[in-house]
Each structure stands twice: as structure tokens, then as C-alpha cells.
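Colleague: I am new to this structure and would like a close look at a single part. Please take me through the metal site, and then through whatever surrounds and follows from it.

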Amino acid sequence: MTAFGCRVVFYHYVRDVERTRFPSIRALSVRGFAAQLDSLQERYDIIDGPAFEQALADAGGFDRPTALLTFDDGFVDHYEHVCPELVSRGLGGMFFVAGATLGSRPTLLNVHKTHFLLAELGAERFAAAVSAALESEGVHVAATGARDGIYRYDEAPDVRIKRVLNYEAPYPVADRVLSTLFERHVDDPDVFARALYLTPGQIGEMAAAGMTFGFHTETHPVLSRLDREAQRAELRDGVRLIRELTGQRMVAFCYPYGFTHTYNADTVEVLEECGYSMAFNTARRDAMIGVDARYELPRFDTRDVPRAEEARAGA
Ligand SMILES: [Zn+2]
């Protein structure tokens with residue numbers, strides 16, 4: 001008998017962006033989310049976090065096509081739009097939150113400062129503003145590669161700047177630059193953070209409604225840029241924190257940015273030492289239970305799911 005894998009899908013913003021100040025944030029609309037659930041429910045058994053944990057513990061595949069829904073970054077969207085939709089369908093999801101967003105004074109993460117600055121300024125102005133600020137900090141950014149006004153995708157100015165911020169500029173410099181620009185162009189980061197992220201109370205309510213939570217580091221860095229001790233500091237408190245917030249026992253993890261180069265062998269060892277049950281990357285294929293490593297389970301971006309279905313239908 002063929003054992004099926006599990007299609008793990010990850011989501012970020014789920015909101016009707018046209019009704020917000022930031023219509024160009026790359027979000028799935030509430031209606032688009034419901035439509036994707038319709039289509040997934042036609043093809044897959046959608047299981048919840050504990051069922052996935054159990055399958056992993058049993059090291060067995062699934063006897064039917066199966067999917068798991070995951071939601072990254074702890075947005076209030078997940079409380080307002082996702083949780084009610086899942087509850088109305090009798091489904092559960094797995095939600096990954098970063099420690100720094102959860103305190104009494106939540107911190108706006110650099111990854112989200114970048115998203116909203118980009119939405120506010122547009123790619124060209126964003127790239128110019130960040131380049132100028134980085135140059136004044138002594139971090140040189142090579143000129144962007146426009147040719148006849150056309151960029152290759154990986155040469156687009158905002159993509160280049162994001163790469164410099166995430167992978168090249170020293171973290172204190174990136175922090176300063178993004179904070180200054182965010183304050184200048186968007187809002188007070190502390191005020192913004194309070195409106196953007198789930199509160200501990202909302203997490204408790206979602207857990208009581210059958211949702212599962214996991215950890216997503218303290219501050220959302222590229223873990224492979226950090227030495228082992230700095231990685232440990234990012235991972236150390238997650239299991240305890242999630243248990244306290246939710247009462248659940250098993251705590252999963254997902255890697256910031258998700259690419260396989262954003263973590264290393266140290267990360268996997270520290271995750272195991274810290275007691276995480278498993279970890280997800282974004283390797284874009286179905287997870288094969290008992291075959292894929294427990295700390296390297298692949299996931300599909302929501303934006304790739306319809307395309308993946310079409311590709312299979314056409315194959
Ligand atoms: Zn994230």
C-alpha cells in the first residue's frame with residue numbers, strides 16, 4: 001500500500017488589504033483563504049497539530065492524501081480571520097510565534113518593518129532610502145542592476161536590499177536603519193507592533209478553540225548567521241513559553257525565512273537539546289513522515305499551492 005505524505009501549507013498575512021493603509025502587503029484575502037480551504041478540503045484530509053505530532057511519533061505515513069495548515073509570525077490576522085474560519089469548519093491549525101512579539105511591550109520585528117516600509121514606499125523608494133541609510137552607516141550597497149528599466153527577479157532593487165539587510169549588514173546596523181526609517185515613514189514601531197501581533201490572551205483563546213502553537217525564535221534572525229550560543233539564546237525559552245501560554249505539551253518550531261541555508265547543524269542540535277518536537281523549513285514538497293528528518297519537514301507557501309495542483313494536474 002502506498003503511504004501518502006502530508007502537504008504542509010504555510011500562510012502569513014490573511015487580511016483584506018485593500019481596506020487597510022497597506023494595500024500592497026502580500027496577503028491572502030479572507031475570501032481567498034476560504035476558497036483555498038474549500039479546494040484543500042476537496043483533495044485532502046486536513047489534520048490538526050496533535051494528529052500530525054502523533055503521526056510523527058508513530059513514524060507512519062498517511063493512508064489518504066493529508067494536509068496540515070500552518071501560520072507564521074503571530075499576526076492578529078490569525079485571531080481575527082483564520083481562527084474563526086477554521087473553527088467554523090471543525091479544523092485546527094498550527095501557529096508559529098516569535099518571543100519578542102509577545103511581551104507587555106511587543107517588539108516590531110525587522111522582517112515586518114521591511115514589509116510595511118516596502119508597502120508604504122514602493123520598491124524603488126524603499127531601496128533608495130535603505131541604501132542611503134546603510135551607506136551612512138558604512139555598509140556599501142552595490143548599485144542595483146536595472147537594464148532598460150527591467151529587472152531580473154533576483155535583481156529587483158527591493159530584493160537586493162532585503163538580502164543585504166537579512167544576510168550582510170551587521171544586525172545592529174540593520175536594526176538602527178529599519179527603526180529610523182520605519183519611524184520616519186510609517187509609524188511608531190511600538191504602537192504598530194501592538195496592533196500587528198497576537199496578544200498572550202488571544203493565543204490562550206485560540207488554544208482553547210483547538211489551535212496549536214509553536215515557536216519561531218525570539219527575534220526572527222537568520223539563524224545560520226549566529227554562532228551556536230547566540231542560536232541557543234534565540235531558541236532556549238520557546239518550549240517553556242508556548243507551554244505556559246497554551247497548556248500544550250509538544251512544541252514545534254519553524255525556521256525564520258525557511259530556506260535550508262538559513263539554519264545549520266548547530267541549529268538542529270540546539271532544537272533537539274531545547275526539547276522541540278519537530279521543525280519546518282520551506283522546501284516546497286510534501287512531508288514524508290518517517291522519511292524526512294524530524295527537524296527538516298518541508299512546507300509549501302500558500303501561493304504555490306494552486307500552482308502545485310495545476311502542475312500535477314497537467315503532468
Ligand atoms: Zn517568519
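Modeller: Happy to. One term first: a donor is an N, O or S atom within 2.8 Å of the metal, and water is not among the atoms, so a site may look incomplete. Please also keep in mind that this is a predicted model.

Let us start at the zinc ion. Its protein donors are Asp73, through OD, and His216 and His220, each through NE2, lying 2.1 Å from the ion. Along the sequence, the donor residues follow the spacing D-x142-H-x3-H. Asp73 sits in the loop between β3 (66–72) and α3 (77–88), while His216 sits in the loop between β5 (212–215) and α10 (228–235), so this pair ties together parts that are 143 residues apart in sequence.

Are these two donors buried or exposed? Buried means under 20% relative accessible area. Asp73 has a relative accessibility of 3%, so it counts as buried. His216 counts as buried because its value is 1%.

The loop that carries His216 has another residue to look at. Thr217 also lies in the loop between β5 and α10. Its phi is positive, about 75°, although Thr217 is not a glycine. Most residues other than glycine have a negative phi. With a relative accessible area of 0%, Thr217 is buried.

Now for the strands behind the site. β3, the strand before the loop of Asp73, pairs with β4 in the parallel sense over 3 bridges. Within that pairing, Asp72 stands opposite Phe96 in β4. To get from β3 to β4 the chain passes through α3, and this β-α-β crossover is right-handed.

β4 itself covers residues 94–97 and has both of its faces covered. Met94 and Phe96 are buried on one side, and Phe95 and Val97 are buried on the other. In a regular strand the side chains alternate between the two faces of the sheet. β4 also runs parallel to β5, joined to it by 4 bridges. There, Val97 stands opposite Phe215 in β5. β4 therefore pairs with β3, the strand before the loop of Asp73, and with β5, the strand before the loop of His216.

β3 has a further partner in β1, which runs parallel to it and is joined by 6 bridges. Tyr11 has Phe71 in β3 as its bridge partner. β1 spans residues 6–11, and 6 of its 6 residues are buried. On one side these are Cys6, Val8 and Phe10; on the other they are Arg7, Val9 and Tyr11. β1 also pairs in the parallel sense with β8 (residues 300–301), over 2 bridges. In that pairing, Phe10 stands opposite Asp301. The charged end of Arg7, in turn, sits over the ring of Phe300, 4.2 Å from its centre.

That brings us to the aromatic rings. The structure holds 17 aromatic pairs. One cluster is formed by Tyr13, Phe22, Phe75, Phe116, Phe182, Phe192 and Tyr197. Phe192 also takes part in a long-range approach: its C-alpha atom is separated by 9.5 Å from that of Lys113, although the two residues are 79 residues apart along the chain. Lys113 belongs to helix α4 (residues 110–121). It is buried, with a relative accessible area of 6%. A charge over a ring appears at Arg225 too, which lies over the face of Tyr171 at 4.3 Å from the ring centre.

Two more loops complete the tour. Thr262 lies in the loop between β6 (253–254) and α12 (265–274), and at 1% relative accessibility it counts as buried. Its side chain reaches the backbone oxygen of Pro256 at 3.5 Å. Arg284 lies in the loop between β7 (279–280) and β8. Its phi is near 60°, a positive value in a residue other than glycine. Whereas Thr217 is buried, Arg284 is exposed, with a relative accessible area of 53%.

Terms used:
Residues are numbered from 1 along each chain as its sequence is written. This is a predicted model: local features need pLDDT of at least 70, side-chain atom pairs count only at pLDDT 80 or more; totals for chains, interfaces and linings use all residues. Side-chain values use heavy atoms; hydrogens and water are left out. Donors are N, O and S atoms within 2.8 Å of the metal (3.2 Å for Na, K and Ca); water is not among the atoms, so sites may look incomplete. Buried means under 20% relative accessible area, exposed over 50%, partly exposed in between (1.4 Å probe, protein chains only). Two strands pair if DSSP finds at least two bridges between them. A crossover is right-handed if, with the strands pointing away from the viewer, the path from the first strand over the helix to the second runs clockwise. Rings of Phe, Tyr and Trp (its six-membered ring) pair if their centres lie within 6.5 Å; planes under 30 degrees apart count as stacked, over 60 as edge-to-face and the rest as tilted. A charge sits over a ring if NZ of Lys or CZ of Arg is within 6 Å of the ring centre and within 35 degrees of the ring normal. A polar contact is a pair of N or O atoms within 3.5 Å; within protein, one must be able to donate a hydrogen and the other to accept it, and residues adjacent in sequence count only if both atoms are side-chain atoms.
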